[in-house]
Amino acid sequence: APGENLSSVIGRLKGLLEEQDARVVKFDVFGSIGEFDTLLSSLKNVFGHVDWPITWVEGISCFSHPVAGFHVHAVSGVAVETIFSDGSPAARVFDDAFTRYCVLGDVSPVLTSVSREEQTWNAFITLETLLSRAGMDMSNVVRTWFYNENILEWYDQFNAMRDNFFRDR
C-alpha cells in the first residue's frame, strides 16, 4: 500500500497465512540485496523465526523502493519439514495424498571465484545433494527457475551445462 513500511507488509502476510493456516515453503524477494538484513530482521520480528528458504533477486523497484515485492509459496493442510544447508533453510518438504514435494530456494554455487560454467555445475551438485536429503534425485525435478547474473551474456553456456548435468543423471 502507498507509504506502507516493510514490517507492515510482512505483518499483513502473516495475517493472510494465519487465516489459511498456511506454512511458507518458499519466499522469493525482489529488491536491493542491501536490504536483506532488514527484511530478515522484520521477518523474525513478525514471525518469531524463519524456517523457509529465501531467494533474493537483486534489483530495485520501478519506484526506487529498496524492495519491489515478494513471491510467497505456501501450503496448508499438510506437515512441512525443513532441510537446512550450512545452518540456513534450503528446502521445504511436504506430502499430500498423491506425492512428495520438495521446494528448494537460494541454491547457489559454493565457489564464486571459478568460471560461470563451474559455478553452474557446483549449483547443480548442491541441488542434487539437497534432493537426496529429501529422498529424491534429479529424475524427480519437474521445474527449475534460475536467477543468474547477466544471464544473456552466457545463456548458451548455462544451457549446455544444465543439459549435460541432466543428461549425466
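Asp21 is an exposed residue, with a relative accessibility of 52%, in what is a predicted model. The side chain of Asp21 forms a salt bridge with Arg23, in which the closest N and O atoms are 3.9 Å apart; Arg23 itself is partly exposed, at a relative accessible area of 29%. This pair counts as a salt bridge because the cut-off for the nitrogen-to-oxygen distance is within 4 Å. In total, the structure holds nine salt bridges, three of which are set out below.

| Acidic residue | Basic residue | N to O distance |
|---|---|---|
| Asp21 | Arg23 | 3.9 Å |
| Asp51 | Arg92 | 3.3 Å |
| Asp95 | Arg100 | 3.0 Å |

A second pair is made by Asp51 and Arg92, whose side chains meet in a salt bridge at 3.3 Å, N to O. Asp51 lies in the loop between helix H2 (36–47) and strand S2 (54–58), while Arg92 belongs to strand S5 (residues 88–95), so this salt bridge ties together parts that are 41 residues apart in sequence. Arg92 has a relative accessibility of 4% and therefore counts as buried, the cut-off for that class being under 20% relative accessible area.

Arg100 and Asp95 form a further salt bridge, with their closest N and O atoms 3.0 Å apart. Arg100 is partly exposed at 30% relative accessibility, and Asp95, at 38% relative accessibility, likewise counts as partly exposed. This pair also takes part in a network of salt bridges that links Glu81, Asp95 and Arg100.

Key:
Residues numbered from 1 in each chain as written. Predicted model: local features only at pLDDT ≥ 70, side-chain atom pairs only at ≥ 80, totals over all residues. Heavy atoms only, no water. Buried < 20%, exposed > 50% of the residue type's maximum accessible area, 1.4 Å probe, protein only. Helix = DSSP H or I, 4+ residues; strand = E, 2+ residues; numbered from the N terminus.
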